[in-house]
Amino acid sequence: MRICVVGCGYVGLVVACSLSICGHSVCAVERDQKKLSLLRQNKMPFYEKGLQAMLLEARKKNALTFTDDLRTALENSDLVFVTVGTPSLADGRVDLGQVRSVAEGIAELATKPVTVVMKSTVPPGTGRALCEAIFSKASVPIKYVSNPEFLREGEAVFDWLHPDRIVIGVNNPSDAEGLLKVYQHIEAPKLVMDVTSAEMVKYAANAFLATKISFINEIANLCELVGADILQVSKGVGLDKRIGPSFLRAGLGYGGSCFPKDTKALDYVSSFNGHSFNLLKAVIQVNAEQRIRVVRKLEHALTGLTGRRIGILGLAFKPGTDDTREAPAIDIATQLLSQGAIVHACDPVVELGPSHHLSNLTYKDPYEAVKGCQAVLLATEWDMFLRLDWSRVKELMEPPYVVLDGRNVLDKDELTKKGFMYLGIGR
Ligand code: UGA
């Protein structure tokens, strides 16, 4: 099939590379000239595990081209995947500017019938509105399919190949046919439903996962007060098949470009529709407070923050990505700095631009970052931090040798034996 993918972020590139590798001819559209030029040289504009190799494979097959011209890309395409950004506005609403402008572009430039596959995360009701206001007015028939993505950053390639389910929202059952063909080699339940329900599945799934995280963080906070160990508690709870073990890791809370944005957007949609989603409001609040608690813990352990030197291990919102959007580490570092602490940070892949307020404080070598620090906060559970030589770290640090394990991944007994003051989350 001839496929056009609009937007070369981590979702768009995974879609474009995988579809070209499995035999489709793909033209990917990217308007950012810097990104476009890198991609044309087979270079990745960001880090995503396994994707560089896929890009090379797709390009070797001559099955993937890049352009900034939507008209050319549309010329021979049967399916157009829309994978552009839907960032948050200050009030929690989703900024649909990019989605709308792509939709208008497709409606204006399409010269033959085409199916638009919306993979960007858009609030329930958006598909209906786009069809009414834009696609129904095009000069050629345009079918609209909502196909939310459930890819995790850092695991996007794996998730694409092994999804738990594929959700397809359509106005007419026959509109799903082209997309079902594209996914025929992927083994997973394929659910065909109406467009608005498909949009809702995406938000409900992310909101539920975020709820699990905030819930387990609250249990962890309570564990600290009653003297229980959250690792044992999570295990005991997660073995109940009705609950399941995933997303029960207590820590610094969720970050990234999805959960924070999508929970706020769903809260906004609820209020807009006259419903106060109190549970979701609490999830968002607990997540914000989890970061503040860590700052308070460091303040308590160091008897104040002014002039204290604190090393932060990890800046990405989770391992496997260089994404720092809504990353707990960035927020915590900013708060520590504002309270007079001296912050050093280390991340194996994150490159903060020169204008970023933390860029001068960032090291690639963790041992450089912890030098002279009275406390170290493990904020992202990168492998390199799990394999640190803690005896060497101790030699480089200064008393009282605080290690705040923000992801509960370090060996508490070993660190305590070595003379560190170990603090976890809920342990
Ligand atoms: C999330 C969803 O998992 C994907 O299914 C979805 O497609 C994606 O959002 C999206 O909407 O685009 P992602 O944000 O990449 O994926 O990351 P996750 O692996 O889900 O982690 C999100 C955050 O939750 C991270 O900050 C992680 O550290 C935190 N987390 C996760 C916990 O604190 N505890 C856990 O037990 C699990």
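**Exercise 1. Find polar partners of the ligand in this predicted model.**

Solution. Start at the side chain of Glu 149: one of its N or O atoms is 2.9 Å from an oxygen atom of the ligand. Next, turn to the backbone. A polar backbone atom of Glu 153 lies 2.7 Å from a ligand oxygen, and for a polar backbone atom of Arg 249 the distance to a ligand oxygen is 2.9 Å. Finally, look at the cover: of the 720 Å² of accessible area that the ligand has on its own, the protein covers 95%.

**Exercise 2. Describe the shell around the ligand.**

Solution. Begin with the residues that come nearest: out of 21 around the ligand, these are Leu 151, Glu 153, Lys 202, Asn 206 and Cys 258. Then sort the shell by character, which gives 10 nonpolar, 3 polar and 8 charged residues. Now see which helices take part. Both α9 (195-226) and α11 (259-272) supply at least two residues, and α9 has the largest share, with 3 residues.

**Exercise 3. Decide whether Thr 115 is buried or exposed.**

Solution. First locate Thr 115 in strand β5, residues 114-118. Its relative accessible area is 11%. Buried means under 20%, so Thr 115 is buried. Beyond its neighbours within four places in sequence, its contacts include Asp 78, Val 80, Lys 143 and Asp 175.

**Exercise 4. Explore the nonpolar cores.**

Solution. Take the largest core, with 55 residues; Leu 298, Ile 312, Leu 336 and Trp 390 have the most contacts inside it. Helix α13 (residues 328-338) gives the most to this core, 5 residues. Then look for a second, separate core: it has 43 residues, among them Leu 109 and Leu 266.

Technical notes. Residues are numbered from 1 along each chain as its sequence is written. This is a predicted model: local features need pLDDT of at least 70, side-chain atom pairs count only at pLDDT 80 or more; totals for chains, interfaces and linings use all residues. Side-chain values use heavy atoms; hydrogens and water are left out. Helices (H or I, at least four residues) and strands (E, at least two) are DSSP runs, numbered from the N terminus. Buried means under 20% relative accessible area, exposed over 50%, partly exposed in between (1.4 Å probe, protein chains only). Contact means heavy atoms within 4.5 Å. A nonpolar core is a set of buried Ala, Val, Leu, Ile, Met, Phe, Trp, Tyr and Cys residues joined through side-chain atoms within 4.5 Å. A residue is near a molecule or strand if one of its heavy atoms lies within 4 Å of it. A polar contact is a pair of N or O atoms within 3.5 Å; within protein, one must be able to donate a hydrogen and the other to accept it, and residues adjacent in sequence count only if both atoms are side-chain atoms. Accessible areas come from the Shrake-Rupley method with a 1.4 Å probe; for residues, only the protein chains shown count as cover. Ala, Val, Leu, Ile, Met, Phe, Trp, Tyr, Cys and Pro count as nonpolar, Asp, Glu, Lys and Arg as charged, and the others, Gly among them, as polar.
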